[in-house]
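Here are a few exercises to work through with the model open in your viewer. Try each task before you read its solution.

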Amino acid sequence: METLDRHRRTQDAFDAVLATVRPDQWDAASACEHWTVRDVTGHVIWGLEVLRHHASGREFTVENGPAGSEKPGELAGEDPLAAWRAARKAADTAVTGELLGRPAPAWYVANRPDATVTDYLALLTFDTLVHTWDIGSALGMDVRMDPDIVAPSFSLARLIISRTPGTFGPRVKPPADAGPQARFLAFLGRSA
């Protein structure tokens, strides 16, 4: 349940950042190379849709949402905040205690054969945490990550990060006095 709690707290932070995005900022560049704020939002929505469909025994086959994909913003539509909130509500309703121990969605199990839905929630937490910063920092916000969420997300990142075009770039050297958030972001190729 700790993973579920972290996931929900990260979603709260993402929602708080999205709630401040003005209509003219949805198509602004984010800190994710080649993606706008709308695209990042669509990508996060995609992760929740994968979870929701998996919970009901179906596979989510939309291909424009994974990391590195083109036009994930289409999943966010004309009102990205409303689309995000609807996807969040639907996914939250689908996630039950019984679901957490089941095998993770197929595309995730392909790379981590023993992964459970709890492991997938940890991935979504990591992803949402980073993308909260990607959107907020690109729009001039001072996004502070919860240290209790940074630590396990950083541990997961060390295990799963693939440095390929459209996903994660090369590490950035953090300042010598950098805190956990700055070191985490630097590992992911982001300058804080």
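Contact here means heavy atoms within 4.5 Å. This is a predicted model, in which local features need pLDDT of at least 70 and side-chain atom pairs count only at pLDDT 80 or more, while totals for chains, interfaces and linings use all residues. Residues are numbered from 1 along each chain as its sequence is written, and side-chain values use heavy atoms, with hydrogens and water left out.

**Exercise 1. Valine 50**

Task: find which residues valine 50 touches, not counting residues up to four places away in sequence.

Solution:
- Start with the location: valine 50 is found in helix 2. Helices (H or I, at least four residues) and strands (E, at least two) are DSSP runs, numbered from the N terminus.
- Next, list the contacts. Leaving out residues up to four places away in sequence, valine 50 touches Phe60, Pro105, Trp107 and Tyr120.
- Then check the accessibility: valine 50 has a relative accessible area of 5% and is buried. Buried means under 20% relative accessible area, exposed over 50%, and partly exposed in between (1.4 Å probe, protein chains only).
- Finally, try a distance. Alanine 104 is 54 residues from valine 50 along the chain, and their C-alpha atoms are separated by 10.0 Å.

**Exercise 2. Helix 2**

Task: compare the reach of helix 2 with the expected span, then look at its ends.

Solution:
- Helix 2 covers residues 37–55, which is 19 residues. The expected span is 1.5 Å times one less than the number of residues, giving 27 Å for helix 2.
- From first C-alpha to last, helix 2 reaches 28 Å, close to that expectation.
- At the N-terminal end, threonine 36 acts as a cap, with a side-chain oxygen 3.3 Å from the backbone nitrogen of arginine 38.
- Just after helix 2, glycine 57 takes a positive phi of about 85°.
- As for cover, 17 of the 19 residues of helix 2 are buried.

**Exercise 3. Arginine 88**

Task: decide whether arginine 88 counts as buried or exposed, and find its side-chain polar contact with aspartate 12.

Solution:
- Arginine 88 lies in helix 3 (residues 80–94), and at 15% relative accessibility it counts as buried.
- The side chains of arginine 88 and aspartate 12 are joined by a polar contact of 2.5 Å. A polar contact is a pair of N or O atoms within 3.5 Å; within protein, one must be able to donate a hydrogen and the other to accept it, and residues adjacent in sequence count only if both atoms are side-chain atoms.
- Among the residues that arginine 88 touches beyond four places in sequence are Arg8, Asp15 and Leu48; the last of these, Leu48, brings us back to helix 2 (residues 37–55).

**Exercise 4. The whole chain**

Task: how many helices and strands are there in the chain, and what is its radius of gyration?

Solution:
- There are 8 helices and 0 strands, in the order α-α-α-α-α-α-α-α along the sequence.
- The radius of gyration (taken over C-alpha atoms) is 16 Å, close to the 16 Å of the globule rule for 192 residues, so the chain is as compact as a globular protein of that length. The rule is 2.2 Å times the number of residues to the power 0.38.
- Along its principal axes, the C-alpha trace spans about 45 × 35 × 30 Å.
- Of the 192 residues, 47% count as buried.
- Among contacts between residues at least 6 apart in sequence, 66% join residues at least 24 apart.
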